Amino acid sequence: KEIESGKIIFPEHIPLSKLQQGIKSGIYLQGTYRASRDNYLEATVWVHGDAEENKEIIIQGLKHLNRAVHEDIVAVELLARDEWVAPSSVVLQDDGQNEDDIENEEEKENILKTAVNKDMLRPTGKVVGIIKRNWRPFCGMLSKSQIKEARRHLFTPADRRIPRIRIETRQADTLEGQRIVVAIDGWPRNSRYPNGHFVKNLGSAGDKETETEVLLLEHDVPHQPFSQGVLSFLPKMPWTITEQDMKYREDLRHLYVCSVDPPGCTDIDDALHCREVENGNIEVGVHIADVSHFIRPGNALDEESAKRGTTVYLCEKRIDMVPELLSSNLCSLRSNVDRYMYMIHTLILTRNSRCLYVDFNRFLSHRLAFSCIWEMNHKAEILKTRFTKSIINSKASLTYAEAQMRIDSATMNDDITTSLRGLNKLAKILKKKRIDNGALTLSSPEVRFHMDSETHDPIDLQTKELKETNSMVEEFMLLANVSVAQKIYDEFPEFALLRKHPAPPPSNYDILVKAAKTKNLEIKTDSAKALAESLDKAESPTFPYLNTLLRILTTRCMMQAVYFCSGMDNDFHHYGLASPIYTHFTSPIRRYADIIVHRLLAVAIGADSTYPELTDKHKLADMCKNLNYRHKMAQYAQRASVAFHTQLFFKSKGVVNEDAYILFVRKNAVVVLIPKYGLEGTVFFEEKGKPTPRLDYNNEVPSLTVEDTTLCVFDKVKVNIMLDASNIQHQKIRMVLVEPKV
């Protein structure tokens with residue numbers, strides 16, 4: 001009715017020409033619009049400009065959001081200071097069925113306007129125009145109209161940051177319960193939601209293949225099979241190392257090199273060796289797969305790898321950055337034994353294709369590598385560093401557990417075990433030095449699923465256990481990355497591809513400092529070293545898990561680490577590692593940044609020739625932008641995959657009762673962490689159809705009082721965990737507080 005009467009809901013967008021004039025004169029600000037996942041009536045706009053000027057503007061309320069969609073480039077007008085608001089602590093989802101119920105929206109907006117401390121107010125604005133739409137096809141589900149034989153229906157996107165979309169279709173009965181793709185066509189002023197059209201049907205909701213497809217599409221992960229054009233640049237099989245390949249290489253096949261990785265790993269990037277040299281010092285080598293030997297600049301294989309940017313690891317699937325012939329065979333630094341197993345597997349797969357010929361040499365582990373070799377004394381002080389292209393022969397491919405078993409064994413004293421013990425001893429010294437220097441040791445619960453061999457459904461879920469050998473490998477990878485970063489920067493001060501981790505703004509730490517205060521602990525945040533030291537001291541004899549919780553909370557305060565070109569930036573510092581310079585060199589099978597770093601290093605040591613794009617800082621800066629985007633999306637896709645498999649796990653469990661700790665307090669909910677599963681979830685205290693309890697939120701403590709029960713950050717509670725499948729599109733893990741009883 002409102003649409004037919006032409007009721008205006010939103011303010012008019014200012015034309016682009018006027019917006020550009022306004023931005024030039026400073027009346028308006030230009031930025032990227034980021035919708036909130038937790039509150040559909042709130043968003044932030046990241047203002048574009050110099051690094052110092054980068055600031056966040058809060059947008060609250062339907063009219064102020066003014067039809068902007070997540071990731072649009074918008075123009076914003078700042079409101080007067082007396083209209084500024086604080087970021088909302090309320091969780092609001094757009095779950096109304098009436099597509100134009102504006103009165104209900106106004107009621108919800110009033111919930112946002114609660115009294116807050118003046119210190120919490122942030123610059124607040126309103127969207128006055130759209131500079132560039134960033135619409136893409138969206139995955140989601142049809143919310144079928146309740147009107148019989150209606151053609152107009154609402155589509156609910158899988159991503160909660162995207163508004164619902166009104167579409168017209170005669171296929172509503174067929175599309176109900178399916179995952180579909182919809183595109184936006186426009187958003188008139190008199191419509192609560194944008195208008196769009198149906199694009200395609202992906203399959204039944206809940207189906208594993210369909211949900212994986214949704215997950216990959218929603219996170220913009222390139223996952224189509226490699227084209228023939230790309231595959232044509234792979235080496236012809238059988239492949240062998242030629243005299244030409246050896247021209248600029250050192251033959252290191254005599255060294256006792258081994259790799260240490262998670263179980264089931266086939267894309268092995270790195271291997272290590274350690275031995276005592278004649279003068280009593282220790283030689284340590286990090287040997288990295290020489291992927292850049294096979295991927296030459298500018299060809300279709302190189303362009304596809306650059307576009308993908310990174311390998312994406314889902315719970316049951318790996319989306320490779322490079323074709324499998326490179327990732328799991330020619331580049332992978334697997335040992336002889338491991339390679340013969342791969343050969344047998346290949347034979348079984350190709351038996352039906354009458355595979356009559358097998359070149360056994362192809363499966364031997366003579367591999368091309370890029371080696372970083374140090375001479376150290378027994379205090380792990382570096383005396384000499386050299387870089388060389390090499391050929392190695394991996395003597396063992398070990399899991400972290402197998403390597404740990406060798407180190408701890410009283411009976412094993414072979415060359416590989418001796419090498420591992422030497423590496424482990426030096427790694428402990430290196431780690432201590434890093435931590436003394438101010439490097440942070442943070443925590444983030446990671447989970448591992450155990451799958452049923454037939455159904456491939458998760459049958460067990462547990463947090464990953466880290467061994468000493470995890471840390472051993474990490475220390476030498478960090479050391480190699482720092483050594484290479486310094487070398488390529490010395491050689492190419494304008495064109496080095498580096499990685500930095502900006503220090504968080506002080507306000508990021510507010511939640512951590514307040515939470516620690518509730519346990520009478522002081523967390524100092526004026527430097528990484530002060531933070532690291534205060535985290536080390538933050539112990540409670542009666543609450544041993546408290547330190548882990550504080551480190552998890554600290555991780556949430558951090559900024560994202562990013563790639564950048566040295567000629568386009570002057571802040572190189574890596575905050576988390578307390579390193580003045582850093583890059584990525586050690587994983588070229590799964591990260592394109594490392595391939596560029598390999599190319600720079602090869603030119604620096606005279607092992608390869610340069611090419612124009614490698615010394616064009618503007619092109620490198622654009623490449624970094626894509627790599628940062630791809631890495632961020634890969635992380636989100638991995639988290640979404642874990643969330644989906646967690647739902648599958650609890651689907652068959654019914655109700656599970658577990659201990660949990662409160663991580664965050666909101667105005668109408670608490671966020672809890674369940675250590676047993678490394679699982680995080682929200683406990684809501686407002687439920688549809690039930691009387692709302694009396695809620696009193698205290699931001700200073702922070703705490704939430706529900707009726708007469710006060711819940712504080714880090715409180716230990718008991719929750720019931722179950723799968724809530726009432727909304728088939730947004731199935732979620734539901735948590736209900738059991739103890740303390742509210």
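**Entry 1: cis peptide bonds.** I began at P238, which is found in the loop between α6 (228–231) and β11 (249–251). In this predicted model, the peptide bond leading from M237 into P238 is cis, with omega near 0°. I then went to the end of the chain, where E739 and P740 are joined by a cis peptide bond with an omega of about -5°; P740 is found in the segment after β30 (732–739). I noted both bonds because most peptide bonds are trans.

**Entry 2: confidence.** Before going further I looked up how far the predictor trusts its own model, and I found that the protein chain averages a pLDDT of 87, with 88% of the residues scoring at least 70. Over residues 1–5 the pLDDT is below 50, and this stretch has 7 contacts in the model beyond near neighbours in sequence. Residues 337–363 also have a pLDDT below 50, and for that stretch I noted 30 contacts beyond near neighbours in sequence. I keep these two stretches marked as low in confidence, whatever contacts the model draws for them.

**Entry 3: the chain as a whole.** I counted up the secondary structure and found 17 helices and 30 strands in the protein chain. Of its 742 residues, 50% are buried. For the contacts with a separation of 6 or more, I recorded that 69% are between residues 24 or more positions apart. The chain exposes about 35,700 Å², and carbon and sulfur atoms supply 50% of that area.

**Entry 4: positive phi.** Which backbone angles did I look up at N66 and D220, neither of which is a glycine? For N66 I noted a positive phi of about 45°, and for D220 a positive phi of about 50°. I wrote them down because most residues other than glycine have a negative phi. N66 has its place in the loop between α2 (62–65) and β4 (73–78), while D220 lies in the loop between α5 (208–218) and α6. Is each of them buried or exposed, or something in between? N66 has a relative accessible area of 0% and is therefore buried, whereas D220, at 35%, falls between the cut-offs of 20% and 50% and so is partly exposed.

**Entry 5: the cavity.** I searched the whole structure for cavities of 30 Å³ or more, and the search finds 1. The largest cavity has a volume of about 60 Å³. What lines the largest cavity? Its lining includes D220, the residue with the positive phi, together with V221 and P222. Further along the sequence, R308, T310, V312, I319 and D320 also belong to the lining, as do R630, M633 and A634. Helix α17 (residues 617–651) gives the most to this lining, with 3 residues. By class, I recorded 6 nonpolar, 1 polar and 4 charged residues around the cavity.

**Entry 6: S390.** Last, I looked at S390, which is found in strand β18 (residues 382–399). Its relative accessible area is 0%, under the 20% cut-off, so S390 is buried. Which residues does S390 touch once its neighbours within four places in sequence are left aside? I found R249, E250 and L252 among its contacts, and R249 falls in β11 (249–251), the strand that bounds the loop of P238. The other contacts of S390 are R367, L368, A369, F370 and S371.

Conventions: Residues are numbered from 1 along each chain as its sequence is written. This is a predicted model: local features need pLDDT of at least 70, side-chain atom pairs count only at pLDDT 80 or more; totals for chains, interfaces and linings use all residues. Side-chain values use heavy atoms; hydrogens and water are left out. Helices (H or I, at least four residues) and strands (E, at least two) are DSSP runs, numbered from the N terminus. Buried means under 20% relative accessible area, exposed over 50%, partly exposed in between (1.4 Å probe, protein chains only). Contact means heavy atoms within 4.5 Å. Accessible areas come from the Shrake-Rupley method with a 1.4 Å probe; for residues, only the protein chains shown count as cover. On a 1 Å grid over the protein atoms alone, a cavity is a set of points where a 1.4 Å probe fits but cannot get out, and a pocket is an open set with protein on both sides within 12 Å along at least five of seven lines; lining residues have an atom within 4 Å of a point. Grid points are joined across faces, edges and corners, and a volume is the space filled by probe spheres set on the points. Ala, Val, Leu, Ile, Met, Phe, Trp, Tyr, Cys and Pro count as nonpolar, Asp, Glu, Lys and Arg as charged, and the others, Gly among them, as polar. pLDDT is the predictor's confidence in each residue, from 0 to 100.
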